[in-house]
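Have your viewer ready and a selection box open. We will take a short walk through this model, stop by stop.

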Amino acid sequence: MRSLILLALGALIGAAALGGVWAVGHGNEDEELEVRVAAVRLDDGRVEIGLQQRGDDGAWGETQRPELRFLAADSESGKVKYSSPVAFDLVTRAERIDEGYRAELSDGGRRLGQRLFWRYHAEDDVETLPPVLCLVDSNVTAMRALCDGIGETFATGVEVIESDDYNFVADEVERRLLGGEISQIMATSFQLLETAVFARDHILLNNPDLGWTWVHYWLETVDPRLPAADDLFCMISHGGRDLFWGLASNSATTAAAALGINMRAQSYGDVADQAEAIRECVEDGAVSIATTLVSTDELAPAIAEATDAGIPVMSFNSGAHAAAEVGSSFHIGLNDRRAGEIAGEQFNKEGTEGTILCVIHEKNNVGLTERCEGLAATYANGDVETWNYEGANATEAVLERAAEEDIGAVMALSDSVGLSILFAQWPNPEIPLATFGFNLGFAKWVEEGKIMFAIYDHPLVQTYLGVMGSLLIDRMRLDPVTLFNGMTILIDPQIADAEQMRRVTNALIPQEIQDRYLSTDVDTEGDDSDDGGDGDSSTDDDN
């Protein structure tokens, strides 16, 4: 709700508050009014006080000067003086979006009003032409702005019925058609469109001499306004402590903040816990749920409970092949099968021979299995052996197997596994290693040849788009399962070889530092220092 805030300015001799900046809340935790005091000492010794407000564009607006705004040069020291109030009209972010939406609808209505008249009526009809009947669902009252816009330009105006009682609307449409009280009908929702068409056809069937009445509709598939602040959106994933999910969590939080929605983002190492988290979201009245499908058999019952409760579900990351089957509206993720195929093609290009160990680090993860299957489908110079990476001594077991003469390389399917295998061989790895994932250490080590290549698995993209997808399926005016029909968006992964990683690392070095160090004869090769690390705090294992 728009509110009026009155600010009283207080000042002390010495003008201690000059240039001070503070924020004033107004009942919405994500909205702030940022203001600052403007003060100037005049030639006669007085101090003049004013107030500035920061606009949406970040710029400070014109100084608002209260009537009582002067601090006398001889004012008593230590005594607070108050200005007269300054009024600011506060509008929340949601209100700004709503206001802009209504303005757009009104403008569209004005264009419609002109077109509806000149397309279907002659100029000499003005005297006898009935108005347009505009139907508005009372659950979406913003659409009335469209009707108001039509009324401004349609020659004989508009009459509005606002109701969510469709039987009432049908009765009113039939009555007005029989009475010749309307020239055309504009429906502002799909349900009202069908109601009007059925009512019109029923009247025409029984009264064929009445003549045809056009029923138009406004195609509005997504509500652009922000959901209520207490609407719960859930993003539930598998993965637990892996570095991939640290980046994914950071990206999900960023997306939720940018979109202004209340997002519950949780990650679980056990699929049963993940399923229980989905059920908790259902119990807590979530408006939409995004989840990974690491094990569809175990998660399907929980997803079914969500859809049965009328909560739309989308999926991301693992399980693209089963998304539609379990009731996901649509799926966003890496093309895991293709990722494995690309890895096999790159091993062939590198001249790798012998068995490749494909190391699966998450039990029953169908996406990881698909990567290994894709690798086996394209690798031409040996077999692919799937290795389950479990237990405290998993790294040592992998390296023991890799040390046998038939092993040509190890394919790690996450950055955490890749790092653990690499560090176990540090500083001079003897067993060829390729890995999924990305951090700055990988960029350096691929460039130096300590890792053969890396495949970007895009945790940031998947979770950011996943949060946006959660908002989208909540804002749909049509059933998203029906509209999207199990649509799948798959990311084709990228190979990052030494040349690609060299471009990455070069882009991170400031030009002046390149000029200072890299343009000299100083030998920068062979530096085994660990300056890549595990990334920043966004990849903290605790995430």
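Here is a tour with three stops, going from a pocket to a helix and then to the surface. Keep in mind along the way that this is a predicted model.

**Stop one: the pocket.** Select Gly239, Arg241, Gly269, His361 and Glu362. Of the 20 residues lining the second largest pocket, these five lie closest to its centre. The volume of this pocket is about 460 Å³. Try colouring its lining by residue class: you should find eight charged, six polar and six nonpolar residues.

**Stop two: a helix in the wall.** Which helix gives the largest share of the pocket's lining? Select residues 415-424: this is helix H12, and its share is three residues. While you are there, pick out Ile421, which also sits in helix H12. Is Ile421 buried or exposed? Its relative accessible area is 1%, so Ile421 counts as buried, the cut-off being under 20%. Now add Ala394 to the selection and draw a distance between the two C-alpha atoms: Ile421 and Ala394 are 27 residues apart along the chain, and the separation is 9.5 Å.

**Stop three: out to the surface.** Select Leu460, Val461, Leu465 and Met468 and switch on a surface view. Together these residues make a nonpolar surface patch of about 300 Å². Zoom in on Val461, which belongs to helix H14, residues 459-475. Val461 has a relative accessible area of 37%, and therefore it is classed as partly exposed, between the 20% and 50% limits.

Definitions and conventions:
Residues numbered from 1 in each chain as written. Predicted model: local features only at pLDDT ≥ 70, side-chain atom pairs only at ≥ 80, totals over all residues. Heavy atoms only, no water. 1 Å grid on protein atoms, 1.4 Å probe; cavity = no way out; pocket = protein on both sides within 12 Å on 5 of 7 lines; lining within 4 Å. Points joined across faces, edges and corners; volume = space filled by probe spheres on them. Helix = DSSP H or I, 4+ residues; strand = E, 2+ residues; numbered from the N terminus. Nonpolar A, V, L, I, M, F, W, Y, C, P; charged D, E, K, R; others polar. Patch = residues over 30% accessible without salt bridge, like charges linked within 9 Å, V, L, I, M, F, W, Y side chains within 5 Å. Areas by Shrake-Rupley, 256 points an atom, 1.4 Å probe, with all protein chains shown as cover. Salt bridge = Lys/Arg side-chain N within 4 Å of Asp/Glu carboxyl O. Buried < 20%, exposed > 50% of the residue type's maximum accessible area, 1.4 Å probe, protein only.
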